Each structure stands twice: as C-alpha cells, then as structure tokens.
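Colleague: I'd like a close look at one part of this model, the protein surface that faces the DNA. Could you walk me through it, and then show me how the helices behind it pack?

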Number of protein chains: 2
Amino acid sequence: MTGSQLTPRARYREQTRAEIKEIALRQLAEGGTAAVALTRIAKEVGLSGPALYRYFDSRDALLTDLIRDAYADLAAAVGEAAGALPPGTAPRARLQALAAACRDWAAAQPHRYLLIEGTPVPGYSAPPDTLESARAVLGPFLPAFAQGAPTAAVRPVVEQMTAWAAGDEAVARWARAHVPAGAEGTALAGGVLAWTHLHGAIGLEAAGQFTGMGHDGGTLLTAQFDVLADTFGLD
Amino acid sequence: MTGSQLTPRARYREQTRAEIKEIALRQLAEGGTAAVALTRIAKEVGLSGPALYRYFDSRDALLTDLIRDAYADLAAAVGEAAGALPPGTAPRARLQALAAACRDWAAAQPHRYLLIEGTPVPGYSAPPDTLESARAVLGPFLPAFAQGAPTAAVRPVVEQMTAWAAGDEAVARWARAHVPAGAEGTALAGGVLAWTHLHGAIGLEAAGQFTGMGHDGGTLLTAQFDVLADTFGLD
DNA sequence: CGCGACAGTTATAGACTGTAACTAAATCAA
DNA sequence: TTGATTTAGTTACAGTCTATAACTGTCGCG
C-alpha cells in the first residue's frame, strides 16, 4: 500500500489528505461541486478552518486533485477491463466490454463522472496530466480499430486524424503504442468517435437527463458501439 | 416587441430584468457559472445589492432564467433551420442541417451551451419547462427518421422507445406531432441517438476538450450524423 | 388627491475563501 | 541530549457573497 516506508510524519500527512478527500467526495456526492466547502470539511475532520490549507493550497487544488483521482480511477477500470479480456477477443466484443466498463464506473458514481466531464471555467486551466489520463482511458479502445475498414461517412475524420498524427509526434507515439504503424489514423478516428459516444451517452445518463425515459443507458450505449463497430467493419 | 401595451412600470421592470440578465451573461462568459454574482451585477447596474432581489428571487432563479432562455433560443435556432429547408429535403440532408444549426449555435456561445448541458446538482431540480424545451429542440429531427429502416444494431433502442411511447401518453402525442402513427418508436430512437450525438460532439467541443487536436468539431458531427443516417437507411 | 403597491435604501446575519501572525510539537543534526 | 528547524495547528481578521429585515420614498391608479 501507499505510505509504507515513509517517514511517520509524511504518512500521517497522507492519511489526513486522504480523509479530507474522502469527506470532499461525500459532499460532492450530496450537493455537487458547489457543496464542497473547506470550512465544513475542516469541522468534520476536527480541524479549524485554515488548517486545511496545510494540506491543499486552495479549494481549487482540492477539486483538481479529486478530478485527477477520478480520471486515474476510470483509466484503471478501463485498463482492468481490457486486461481481463481473453487474448483473441474480437474487436467488437472488446469495444463493448470497454464501453460497458466506462458506463459501469460512471453509473456507480455519477458525481465523480460529472466532475471529470464537468464544465471547466472559460479560462480553462487544463492540467496537463488530464490529457495523459484521457489517453489512458482511450488507449485500450484503439487496438480494436486497428484492422478496421471505415465507411465513407467517417473517412473525413480518419483523414484529419492521420494528418494530426503526422503533425504531432506525441500523439503518433501514443497511437503507435496501441496499434501497428499505418493504422494510426483509423485508430485515432475510432478513438475520438468512441470518446464522443461515451461522453454523449454516459454524460446524459449521469446528469439524470434520461430519468423518466423508457430506456436504460446500457441499451443505448451498446447500440452506439454496435453501430460504431459496423461502421469500422469489425467482427 | 415584448413590452408594448404594458403599464409603464411593468415595462421598466422588464427592461431592468433584461439588463440584469445581460450582465449576468457577460459574467458567465467571462468566468463560468461561478462568476455570476448578484452583488457585482447590482454594482454594474447602479443598484445596491439587495435591490436585485426585487427582480429575481435568488441567484438560482436568475441562473434558471438564463437556462430557460438559452434552451428556448437553441430551440428557436433549430426550428428556424428546419423551417428554412425546402419542402422536399431528403432526410439525411435535413439531419445534417439541423445538427449543424445546433453546433453553430453552441460554437457561437459555448458558455450558454455549457449552461444548458451543465451539471445539475445531485438533487436535481429539473424545471418542467426544460423538458418541453428539450422536446422543442429535438422535435424537428424526428420527421427525418419516420421512414427509416434501422439496422439490427439499434433495434433494441427502437423497441424500448416503442414501449415508452406506448406507456407515456405525453410522449406519444409529442412523437405523433412530428411523424405518422406507427413510426413513433423509430423516430424516438433516432431522436435519442441524435441527442446523444449532439451532446457528445458539441459538449466536448464547447468544453474545449478538442483544442489541440487536429480536427474540427464540424467534421466529427457531420460524420456522426452521416453514420446515423446510414444506420437508419436514410437517403 | 390620497393611498397602496412597488423600487430602492441601509443594516445585518451568516457562510465561505484565504492570509497573517503566532504557538506548540515533532524531527533531525551535531 | 540538546537545540534549531520544519511542520501542524491555532486564533484573528479581511473580503466576497447570498439573503433577510426594516424602513423610506415615489409612482400611478381610482
């Protein structure tokens, strides 16, 4: 576990940080981002107001940490789902499994999902490791598209993605970590489409916009990824 | 215009309300929802703090009003786009035109779009006229799907939607206002899928998650709706 | 013309973020 | 072991914000 072989002080510090985050998550679940208040957290921890600033620079820093955690957690869930697949799993089944993993994660803790996809302030900070986490989430989807033969409808996207990979070395490297050379454009296009589908279906569901409608998010997401698999000609 | 034949007092009142909302929108655009502060609005209008409560019951009421406006505005944009289509427009072209109208609207004022799709608090209020507005936005999409022959991938969704329409009279009426009887399930399925696609593509773009990627949202959305049209076998 | 509704005011309470200045305790080096 | 230093924690305070209360003019209708 984390925290072993640390100086006792550091260990205690980490423990307190964890406790703070735990309470913050509860407040988040109860009342959304706006309900996360340092003063109330402090009271609950048994500390007095300003003491929390020893553990987090600001309220924003705390929220950023929660976002980071959530992203990493989601990425882990997807990675785990990918790892659990038998070696020869067909691309379509792979997509469905990964998509379901995303949805399950989000459905189990909507507030954390909303935190991830949540509206940044117009002057967006965009922490750079978020980008990395997004890639970690999306990466396992890429191999499923490697052998794809996209229909005409999505070909413009494939072209733009090919150009993107050609121009951005980091992206190209990332893509090539998941698919053989030459398939970058297709894989990235699949990835972006998968991302958009996930965001659309899961986001609406997490925000509760589907309540009262006669369907569950699972059916919708499955259908979307089935269509996506069809579009890329996957088995 | 609104405000004619009102008592002068009511007219003045409406004017002040409009001015307040205008400033609120500017604050929203500059710093997100969190930046909308009644006190600062009051200062800018030339009023003193509590006076604003004569015009809006609370900060939340103001934001709700902004949401309502934005929704209505978007619905109007879509409706206008639908009205501008030549009578015999093919379903696919209709979908593309309406989707583009949505995207254009959102791209021109991302903060307002984010306000609409924005994270509600976990104890969601869900103002009932929002539902109506959502239907107004989505309604014009429905006729395009009326003659669709969906592929196997989305058939589960069609079935759930058919069942929904069968169980919910209001929904059935709404659907039948746009498509002939018997096509409700298909149309509703198309509508939900369109909604999800719009939310996915536009939402990510409005939140700035596509910045730095080598594609523009338009290409992506067009591709998605082309695929959707393919899926429903539309011309 | 007079009275009631309404716009607006100041004062105030309460929640929250964040800083400053200070105290006590734990850690570490010599 | 001791003494300096870092670190956890404190209280006090400034500032912003929402919201209510109590009060004062003023508009406009009957």
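Modeller: Let's start with DNA strand D: of the 21 residues around DNA strand D, the nearest are Arg54(A), Tyr55(A), Arg40(B), Tyr53(B) and Arg59(B). Most of what the protein meets there is backbone, as sugar and phosphate make up 65% of the strand D atoms that come within 4 Å of the protein. Keep in mind that this is a predicted model, and that every distance below is computed from it.

Now for some individual contacts to the phosphates of strand D. On chain A, Tyr12(A) has a side-chain N or O atom 3.3 Å from a phosphate oxygen of DNA strand D. Ser48(A) does it with its backbone: a polar backbone atom of Ser48(A) sits 2.9 Å from a phosphate oxygen of this strand. From chain B, Tyr53(B) places a polar side-chain atom 3.3 Å from a phosphate oxygen of DNA strand D. If you want to know which elements supply two or more residues to the surface near strand D, they are α1 (8-31) of chain A, plus α1 (8-31) and α2 (38-45) of chain B. Sorted by class, that surface has 11 nonpolar, 4 polar and 6 charged residues.

Over to DNA strand C. Here 20 residues lie around the strand, and Arg40(A), Tyr53(A), Arg59(A), Arg54(B) and Tyr55(B) come nearest. Sugar or phosphate accounts for 68% of the strand C atoms within 4 Å of the protein, and bases supply the rest.

The phosphate contacts on strand C again involve both chains. Arg40(A) brings a side-chain N or O atom to 2.7 Å from a phosphate oxygen of DNA strand C. On chain B, a polar side-chain atom of Arg13(B) is 3.2 Å from a phosphate oxygen of DNA strand C, while for Tyr55(B) the distance from a polar side-chain atom to a phosphate oxygen of the strand is 2.3 Å. The elements giving two or more residues to the surface near strand C are α1 and α2 (38-45) of chain A, along with α1 of chain B. By class, the residues of this surface split into 11 nonpolar, 3 polar and 6 charged.

Since α1 of chain B turns up near strand D and near strand C, let's see what it packs on. α1(B) packs with helix α3 (residues 59-84) of chain B at an angle of about 85 degrees, and their axes are 11 Å apart. That angle is why α1(B) counts as roughly perpendicular to α3(B). From α1(B), the residues in contact are Arg17(B), Ile20(B), Lys21(B), Ala24(B) and Leu25(B), and they meet Leu62(B), Asp65(B), Leu66(B) and Asp69(B) of α3(B). This contact between α1(B) and α3(B) has 5 nonpolar, no polar and 4 charged residues.

Now to the wider setting in chain A. Chain A has 11 helices and 0 strands, and its C-alpha trace spans about 60 × 45 × 40 Å along its principal axes.

Two packings in chain A share helix α10. In one, the axes of α10 (residues 184-206) and α11 (residues 217-231) of chain A come within 10 Å and cross at roughly 165 degrees. That makes the pair roughly antiparallel, and the crossing of α10(A) and α11(A) is right-handed. Gly190(A), Leu193(A), Ala194(A), His197(A), Leu198(A), Ala201(A), Ile202(A) and Glu205(A) are what α10(A) puts into the contact, against Gly217(A), Leu220(A), Leu221(A), Gln224(A), Phe225(A) and Leu228(A) from α11(A). By class, the contact of α10(A) with α11(A) has 9 nonpolar, 4 polar and 1 charged residue.

The other packing pairs α10(A) with helix α5 (residues 110-117) of chain A, at an angle of about 130 degrees and with the axes 10 Å apart. With that angle, α5(A) is oblique to α10(A), and the crossing of α5(A) and α10(A) is left-handed. Pro110(A), Tyr113(A), Leu114(A) and Glu117(A) of α5(A) make this contact with Leu198(A), His199(A), Ile202(A), Gly203(A) and Ala206(A) of α10(A). The residues of the α5(A) and α10(A) contact divide into 6 nonpolar, 2 polar and 1 charged. Leu198(A) and Ile202(A) of α10(A) also appear in the contact with α11(A).

Terms used. Residues are numbered from 1 along each chain as its sequence is written. Chains are lettered from A and ligands numbered from 1 in the order in which they are written. This is a predicted model: local features need pLDDT of at least 70, side-chain atom pairs count only at pLDDT 80 or more; totals for chains, interfaces and linings use all residues. Side-chain values use heavy atoms; hydrogens and water are left out. Axes are lines fitted to C-alpha atoms, for helices over the stretch in contact, and angles run from 0 to 180 degrees between N-to-C directions. Helices (H or I, at least four residues) and strands (E, at least two) are DSSP runs, numbered from the N terminus. Angles under 35 degrees count as roughly parallel, over 145 as roughly antiparallel, 65 to 115 as roughly perpendicular and the rest as oblique. A crossing is left-handed if the near helix is turned anticlockwise from the far one by less than a right angle, and right-handed if clockwise. Contact means heavy atoms within 4.5 Å. Ala, Val, Leu, Ile, Met, Phe, Trp, Tyr, Cys and Pro count as nonpolar, Asp, Glu, Lys and Arg as charged, and the others, Gly among them, as polar. A residue is near a molecule or strand if one of its heavy atoms lies within 4 Å of it. A polar contact is a pair of N or O atoms within 3.5 Å; within protein, one must be able to donate a hydrogen and the other to accept it, and residues adjacent in sequence count only if both atoms are side-chain atoms.
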